[in-house]
Amino acid sequence: MNRRDFLIVTFFSFATSASAGHEMDDRDLTNGQTLYAEQCASCHGVNLEGQPDWQTPDNNGILPAPPHDETGHTWHHDNQLLFEYTRLGGEAALAARGVDGFASGMPGFGDTLTDDDIWDILAYMRSTWPERVQEIQAGRNPPHD
């Protein structure tokens with residue numbers, strides 16, 4: 001590899017990691033873990049494992065709480081949707097993105113948790129994912145300004 005190619009690869013490697021930086025960087029993971037245990041674990045599991053049969057709707061058409069570990073689909077979503085889903089609740093967050101009529105059992109926590117608390121929880125969840133999954137999820141986020 002010549003110097004020019006090395007610089008291009010280095011630049012794009014740096015640009016990729018810089019664009020992957022997110023709102024979850026430099027968060028209080030201890031606070032996130034504590035709040036997760038207090039606010040989330042009763043539905044999503046102490047070990048982020050979710051409820052059984054989480055991909056099968058119940059009689060009311062509502063899906064059980066999904067896992068937040070790497071076996072679930074949480075990491076398939078961008079940071080802002082994860083934040084809005086937690087803050088507003090599932091139905092309101094999806095409605096804000098133009099998805100109407102989706103029955104969700106996820107309540108909004110905007111009156112219970114601060115925005116920083118929500119980001120801490122999300123950062124804690126992300127910290128449990130394998131590095132490869134963290135990188136994939138980071139790529140779903142737009143670059144920072």
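1. In this predicted model, D25 has a relative accessibility of 33% and therefore counts as partly exposed, since the class lies between the 20% and 50% limits. The side chain of D25 meets that of R126 in a salt bridge, with an N to O distance of 3.2 Å. D25 belongs to the loop between α1 (3–19) and α2 (29–39), whereas R126 belongs to helix α6 (residues 115–127), so the pair ties together parts that are 101 residues apart in sequence. R126, at 12% relative accessibility, counts as buried. The contact thus joins a partly exposed acid to a buried arginine.

2. The structure holds 5 salt bridges. One of them is formed by the side chains of D78 and R97, at 3.2 Å from N to O. This pair links distant parts of the chain, 19 residues apart: D78 is in the loop between α3 (41–44) and α4 (79–88), and R97 is in the loop between α5 (90–96) and α6. In terms of accessibility, D78 counts as buried at 18%, while R97 counts as partly exposed at 40%.

3. R97 also forms a salt bridge with E84, where the closest N and O atoms are 3.5 Å apart. Because R97 lies in the loop between α5 and α6 and E84 in helix α4, this pair ties together parts that are 13 residues apart in sequence. D78, E84 and R97 are accordingly linked in a network of salt bridges.

4. The loop between α5 and α6 also contains V99. With a relative accessibility of 39%, V99 counts as partly exposed. Together with L63 and F102, V99 forms a nonpolar patch on the surface, and the accessible area of the three together is about 220 Å².

5. The interior should be considered next. The largest nonpolar core has 17 residues, of which M24, Y36, L113, I121, L122 and M125 touch the most other members. Two or more residues come from each of α2, α4 and α6. Helix α6 gives the most to this core, with 7 residues. As a general matter, nonpolar side chains tend to be buried together in soluble globular proteins.

6. Which residues does L122 touch, leaving aside those up to four places away in sequence? They are M24, L82, F83 and T86. Of these contacts, M24 is also listed with L122 among the core residues that touch the most other members.

7. Helix α7 (residues 131–138) has V133, Q137 and A138 as its buried residues. They cover an arc of only 135° around the axis, which puts them on the same side of α7. In general, an α-helix has 3.6 residues a turn, so residues three or four places apart point the same way. The exposed residues E131, R132 and E135 are carried on the face of α7 turned away from its buried side. The cover over the buried residues of α7 includes α4 and α6.

8. Two elements recur in these points. Helix α6 contains R126 of the salt bridge with D25, gives 7 residues to the largest nonpolar core and is part of what covers the buried residues of α7. Helix α4 holds E84, the partner of R97, is among the elements that give two or more residues to the core, and likewise takes part in covering the buried residues of α7.

Conventions:
Residues numbered from 1 in each chain as written. Predicted model: local features only at pLDDT ≥ 70, side-chain atom pairs only at ≥ 80, totals over all residues. Heavy atoms only, no water. Salt bridge = Lys/Arg side-chain N within 4 Å of Asp/Glu carboxyl O. Helix = DSSP H or I, 4+ residues; strand = E, 2+ residues; numbered from the N terminus. Buried < 20%, exposed > 50% of the residue type's maximum accessible area, 1.4 Å probe, protein only. Patch = residues over 30% accessible without salt bridge, like charges linked within 9 Å, V, L, I, M, F, W, Y side chains within 5 Å. Areas by Shrake-Rupley, 256 points an atom, 1.4 Å probe, with all protein chains shown as cover. Arc of directions from axis to C-beta. Contact = heavy atoms within 4.5 Å. Core = buried A, V, L, I, M, F, W, Y, C linked by side-chain atoms within 4.5 Å.
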